[in-house]
Amino acid sequence: MGVLDIVPAGVLTGDNVRKLFEYAKEHQFAIPAINVTSSSTANAVLEAARDIKAPIILQVSQGGSAYFAGKGLANDKQQASILGAIAAAHHVRTVAKAYGVPVVLHSDHCAHKLLPWFDGMLKADEEYFKQHQEPLFSSHMLDLSEEPKEENIKTCVEYFKRMAPLGIWLEMEIGITGGEEDGVDNSDVDNSKLYTQPEDIFDVYEGLSAVGPNFSIAAAFGNVHGVYKPGNVKLHPELLNKHQLYAEEKIGNNKKKPLFLVFHGGSGSTKDEIKTAVQNGVVKMNVDTDTQFAYLSGIRDFVQNKSGYLQSQVGNPEGADKPNKKYYDPRVWVREGEKTLSARVKEACADLGNVDRL
């Protein structure tokens, strides 16, 4: 039995998201969440998933959403980020089913200062629900990890009460992911905050499970956004097993690995670290920095290799009157970036055991 025996192709919502994550946990694999900033990057990710017969997660950040709408738009009230996230969601919904794979459509880190963006997406979910009996997005993330624990959980519970009836999955973060990404800089955070305690995880579980079962927790185990030299970051994915065991003991119903866990800062991690995280109940791993570089590399190599054909519209090494349109057409060189991005997504899926899962 494969994933398509339990959930359909296209964008998943409601209990289908949980069914997918339960299947992943049971079969010891996780699904990479790739940040997309354009229809080009979104299509390349979907293409990779189709080629290797795998479910996939596409996510938009606040900055990536604004870029999707257009950098020329004002964003002083998060209006471009709201519009871009909605545009991205509609694009993915329009094409996802054609690729024949299950897709989780997700919004990434939302800190307290970005809540107007979250509110705008949630309003779009509610409007979409009225017409289609399901939300626009599959899931959203609240990252209030910089707030006091009690406030973090309280706010997440309040939002989850609004999200659960619509069938929206909630991802929350407790403990801080270090480094810098998309304008959120935690590079100077105290090292102790990079490791979440089992008691804190269970406090989150208790608060959210009283509302519904469709949520996941991004627990910090030394995670850092970005790429780093080996040895510079102390990841301890084995700590995630302690969270699971603590929750098992507290819940007391003999259910193994009751927590759906998320791995942030996946770029640059070793295959052993990834394997350990998956064994301990991680069902989603964020990958952004590596895929950004992968997208660049194809375009960079094309521009360097075809430099003589890109200096003018007419005239190249084959002759002064030879046209260059077939080289500078964006469909040519952008496609090269899509190919290398797609290859990196396939690599991430392989690292997580997410190949031939349909």
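**Close-up 1. P135, in the loop between α5 and β5 of this predicted model.** Here we're looking at the stretch that leads from α5 to β5 (139-142), where P135 is found. Is P135 buried or exposed? With a relative accessibility of just 1%, P135 counts as buried, because the cut-off for that is under 20%. Setting aside residues up to four places away in sequence, P135 touches T13, R93, D125, Y128, F129, L166, G167 and I168. E158 sits 23 residues from P135 in sequence, and the two C-alphas are 18 Å apart in space.

**Close-up 2. Helix α4 against helix α5.** Next up are α4 (residues 79-99) and α5 (residues 115-132), whose axes come within 9 Å and cross at roughly 40°. The pair is therefore oblique, and the crossing is right-handed. On the α4 side, S81, I82, A85, I86, H90 and R93 make the contact, while α5 brings P116, W117, G120, M121, A124 and Y128. Sorted by class, that's eight nonpolar residues, three polar and one charged. Two of these names may ring a bell: R93 and Y128 are also among the residues that P135 touches.

**Close-up 3. Helix α2 against helix α4.** Staying with α4, we now turn to its packing with α2 (residues 39-52). The axes of α2 and α4 are 10 Å apart, at an angle of about 25°. How do α2 and α4 lie relative to each other? They are roughly parallel, because angles under 35 degrees count that way. This is a right-handed crossing too. From α2 come S39, A42, N43, L46, E47 and R50, and they meet H91, V92, V95, A96 and Y99 of α4. The class tally for this contact is six nonpolar, three polar and two charged.

**Close-up 4. The largest nonpolar core and another one apart from it.** The largest core takes in 79 residues, and I56, L58, V103, L208 and I217 have the most contacts inside it. Which helix gives the largest share? That would be α4, with eight residues. Zooming in on I217, and skipping residues up to four places away in sequence, we find it touching M172, I174, I201, V204, Y205, L259, F260, L261 and V262. Apart from the 79-residue core lies another, of 16 residues, including F21, Y23, I31 and I57. As general background, nonpolar side chains tend to be buried together in soluble globular proteins.

**Close-up 5. P213, in the loop between α7 and β9.** Back to a proline in a loop, this time the one joining α7 (198-209) to β9 (215-219). P213 has a relative accessible area of 48%, so it counts as partly exposed. Leaving out neighbours within four places in sequence, P213 is in contact with R18 and W169. P213 and R18 are 195 residues apart along the chain, yet their C-alphas are 8.1 Å apart in space.

**Close-up 6. Helix α10 against helix α12.** Last, here's the pairing of α10 (residues 289-305) with α12 (residues 330-351), where the axes come within 7 Å and cross at roughly 140°. That makes α10 oblique to α12, and α10 passes α12 in a right-handed crossing. The α10 side of the contact consists of D290, T291, A294, Y295, S297, G298, I299 and F302. Facing them from α12 are V332, W333, V334, E336, G337, E338, T340, L341, R344 and V345. By class, the contact residues divide into nine nonpolar, five polar and four charged.

Note on methods:
Residues numbered from 1 in each chain as written. Predicted model: local features only at pLDDT ≥ 70, side-chain atom pairs only at ≥ 80, totals over all residues. Heavy atoms only, no water. Axes fitted to C-alpha atoms, helices over the stretch in contact; angles between N-to-C directions. Helix = DSSP H or I, 4+ residues; strand = E, 2+ residues; numbered from the N terminus. Parallel < 35°, antiparallel > 145°, perpendicular 65-115°, else oblique. Left-handed = near helix turned anticlockwise from the far one by under 90°. Contact = heavy atoms within 4.5 Å. Nonpolar A, V, L, I, M, F, W, Y, C, P; charged D, E, K, R; others polar. Core = buried A, V, L, I, M, F, W, Y, C linked by side-chain atoms within 4.5 Å. Buried < 20%, exposed > 50% of the residue type's maximum accessible area, 1.4 Å probe, protein only.
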